[in-house]
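I opened this notebook to record what I looked up in one protein model. The entries follow the order in which I consulted the coordinates.

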Amino acid sequence: MDEFKLFYSVLRYIPSSIRMESINVGIVIHAPSISFSHFYKLQNTRRVASFDDEYDKDFFKITMDSLRFDLNYPVDNDLSTESIGYENRFAYLNDDSFLSRQTSFLSNEFQFSPVQAIQTNHSTIRKDIDELKKTFLYYDRPKSERITKLEVKKILSKNLRSYNLSNLERNPDIASDFSDEPIFDFKVGDKYIKAISFDYAHAATMATELKSTLYDVNKVVTENLVQEIIITTNDTSKVDLYKSFLNKLNSLSKTSKDSKIQLVQLSEFYQTLNR
């Protein structure tokens, strides 16, 4: 089954450049080999209003419509293929650089994340697109249908496959103290990688997972088993919870001068991997 790359970039709304708090409000997905590009916007705009009670809903709508205009191919039913600049907008549609070209101009309140890629094929592309939307537009789903740790791990796996890494290892052999399950999901060179889910719909399960992760990280750092750890997650919109978890990881990192621990959003994973 022939595989091809599916590129994506997540749109974040950042009301204050000082606070740098953000919420995901859209995702654009691009498959150059099949001439497809589409911007999916957050449907639950009440979430944006609760995140920033000063947001301008009219300006927000204009921005979303502008992005549909620039990114949707084939075009939506209410967008004309005869509109001025149509051919220029999609001149690089079949090029891997299309998303980078089309999203680099945004700044200030709206910013796209660095472009990432996953491996897909004709039989799974619809499911893969749905999983990306489920991951990054978390609040558009009913609580019972929101992203799980396993789904975050699946997307991370597809990310890694798309990079064609020669030194990729799955489930590296460092086990937890209380089970035979490996602590980390992947290893690339000297970097150990773990996927977690901020699953706000299941608070008790999420709390257990975060505590378990902190315990395991403390173990490997204290015993000098690894020097570099990347923990990647789906959503950081609950800023206080994210910062609390990050602060505890930073405290653990300080216990060993040789250790480096990073907590990053899945949408920025590849850039972190290559630092």
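Entry 1, terms. I take a nonpolar core to be a set of buried Ala, Val, Leu, Ile, Met, Phe, Trp, Tyr and Cys residues joined through side-chain atoms within 4.5 Å. The model I am reading is predicted.

Entry 2, cores. I looked up the largest nonpolar core and found 52 residues in it. Tyr8, Leu11, Val25, Ile27, Ile29 and Leu132 touch the most other members. Strand β1, residues 3-13, contributes the largest share of this core, namely seven residues. Another core, of 21 residues, lies apart from it, and I noted Leu214, Ile229, Leu252 and Ile261 among its members. As general background, nonpolar side chains tend to be buried together in soluble globular proteins.

Entry 3, isoleucine 27. I then asked which residues isoleucine 27 touches, not counting those up to four places away in sequence. I listed Tyr8, Ser9 and Val10 among them. The list also includes His38, Phe39 and Tyr40. Leu132, Lys133, Phe136 and Leu137 are on the list as well.

Entry 4, the chain as a whole. I counted nine helices and 10 strands in the protein chain. The chain has 275 residues, and buried residues make up 53% of them. I looked up contacts between residues at least 6 apart in sequence, and 66% of these join residues at least 24 apart. The chain exposes about 14000 Å², of which carbon and sulfur atoms supply 47%.

Entry 5, the second largest pocket. I read its space as about 270 Å³. The lining consists of 15 residues, and Lys149, Glu181, Pro182, Ile183 and Lys194 are the closest to the pocket centre. Helices α6 (149-162) and α7 (203-222) each supply at least two lining residues. The greatest contribution to this lining is that of α7, with four residues. I sorted the lining by class and obtained three nonpolar, five polar and seven charged residues.

Entry 6, aspartate 185. Is aspartate 185 buried or exposed? I place aspartate 185 in the loop between β6 (168-170) and β7 (186-188). Aspartate 185 is buried, because its relative accessible area of 7% is below the 20% limit for that class. Leaving aside neighbours within four places in sequence, I found aspartate 185 in contact with Lys153, Glu169, Arg170, Asn171 and Pro172, among others. Its further contacts include Ile193, Lys194 and Ala195.

Entry 7, backbone geometry. I checked the backbone against a general rule: most residues other than glycine have a negative phi, and most peptide bonds are trans. Which residues does a cis peptide bond join? I found tyrosine 73 and proline 74 joined in this way, with omega about -5 degrees. Proline 74 sits in the loop between α2 (57-71) and α3 (86-89).

Serine 35 has a positive phi, near 55 degrees. I located serine 35 in the loop between β2 (23-31) and β3 (36-41), and its relative accessible area of 26% makes it partly exposed.

Asparagine 171 also has a positive phi, near 50 degrees. I found asparagine 171 in the loop between β6 and β7. With a relative accessible area of 40%, asparagine 171 is partly exposed. I had already met asparagine 171 in Entry 6, as one of the contacts of aspartate 185.

Methods
Residues numbered from 1 in each chain as written. Predicted model: local features only at pLDDT ≥ 70, side-chain atom pairs only at ≥ 80, totals over all residues. Heavy atoms only, no water. Buried < 20%, exposed > 50% of the residue type's maximum accessible area, 1.4 Å probe, protein only. Contact = heavy atoms within 4.5 Å. Areas by Shrake-Rupley, 256 points an atom, 1.4 Å probe, with all protein chains shown as cover. 1 Å grid on protein atoms, 1.4 Å probe; cavity = no way out; pocket = protein on both sides within 12 Å on 5 of 7 lines; lining within 4 Å. Points joined across faces, edges and corners; volume = space filled by probe spheres on them. Nonpolar A, V, L, I, M, F, W, Y, C, P; charged D, E, K, R; others polar.
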